[in-house]
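I open this entry to record what I looked up in the structure shown below. The notes follow the order of my queries.

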Amino acid sequence: MSAVVDECVFCRIIGGQIPAEFVLKEAEFVAFPDINPKARVHLLVMPTAHIRSLNDIDSQDAGFGQRMLSFVARAAAVSGVSESGYRVISNNGPDGGQEVDHLHLHVLGGTLLGDLV
Ligand code: AMP
Ligand code: ZN
């Protein structure tokens, strides 16, 4: 599934129906701040295509993951946390705490993050 999904909040942000301040916006991926930030810098990075979760990543071509992580690094650079550091988290499914069923990576930084893993 990769079409824009009307009821998906992230598809609506990507489509411009819900406003967001894009840190980085390209044809394949976007990055914008999380509305409920858990760190000074808290971005959401996601594909513009509606892909539900990492479970569906094989619906994409082999370079998709590399391009998405490359985009994360560039979004981190634009946000000024490349050198100070950042953490990337992906919540998948109910036990992972995924609230929005549109694949996204949380990029947290700008502050010393506590140990998690
Ligand atoms: P997850 O639990 O990994 O699915 O994360 C979903 C994230 O989306 C949460 O951290 C929310 O704060 C964030 N979120 C939900 N709606 C919006 C919105 N309109 N703009 C920015 N972030 C949002
Ligand atoms: Zn979506």
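Which residues of β3 are buried on one side, and which on the other? I worked with a predicted model. On one side I found V41, L43, V45 and P47, and on the other H42, L44 and M46; all are buried, and both faces of β3 are thus covered. I noted the general rule that side chains in a regular strand alternate between the two faces of the sheet. The count for the strand is seven buried residues of seven, so β3 is largely enclosed by the rest of the structure.

**Sheet.** I next traced the strand order. The sheet is open and has five strands in the order β1-β2-β3-β5-β4, with antiparallel pairing. β1 (24–25) and β4 stand at the edges with a single partner strand each, so one side of each lacks a neighbour in the sheet. I then went through the pairs. β1 and β2 are joined antiparallel by two bridges, and K25 has V30 of β2 as its bridge partner. Between β2 and β3, also antiparallel, I recorded five bridges, with A31 opposite V45. β3 pairs with β5 in the antiparallel sense, again over five bridges; here V45 has L105 as its bridge partner.

**Zinc site.** Which protein atoms are the donors of the zinc ion (ligand 2)? I listed C8 (SG), C11 (SG), H50 (ND1) and H102 (ND1), at 2.0 to 2.3 Å from the ion. The angles subtended by the four donor atoms run from 105 to 117 degrees, which makes the arrangement tetrahedral. In sequence, the spacing of the donor residues reads C-x2-C-x38-H-x51-H. C11 belongs to helix α1 and H50 to the loop between β3 and α2 (64–78), so this pair ties together parts 39 residues apart in sequence. I checked accessibility for both. Because buried means under 20% relative accessible area, C11 qualifies at 3% and H50 at 6%.

**Largest pocket.** I finally queried open space. The largest pocket holds about 610 Å³. Its lining has 26 residues, of which D34, N36, H42, L44 and H106 are the closest to the centre. Two of these, H42 and L44, are among the buried residues of β3 noted above. By class, I recorded 14 nonpolar, seven polar and five charged lining residues. At least two residues each come from α1 (9–14), β2 (29–33), β3 (41–47), β4 (86–89) and β5 (105–109). The largest share, three residues, is supplied by α1.

Note on methods:
Residues numbered from 1 in each chain as written. Chains lettered and ligands numbered in written order. Predicted model: local features only at pLDDT ≥ 70, side-chain atom pairs only at ≥ 80, totals over all residues. Heavy atoms only, no water. 1 Å grid on protein atoms, 1.4 Å probe; cavity = no way out; pocket = protein on both sides within 12 Å on 5 of 7 lines; lining within 4 Å. Points joined across faces, edges and corners; volume = space filled by probe spheres on them. Helix = DSSP H or I, 4+ residues; strand = E, 2+ residues; numbered from the N terminus. Nonpolar A, V, L, I, M, F, W, Y, C, P; charged D, E, K, R; others polar. Donors = N, O, S within 2.8 Å, 3.2 Å for Na, K, Ca; no water. Tetrahedral: all angles 85-135°; square planar, octahedral: opposite > 155°, others 65-115°. Buried < 20%, exposed > 50% of the residue type's maximum accessible area, 1.4 Å probe, protein only. Pairing = 2+ DSSP bridges.
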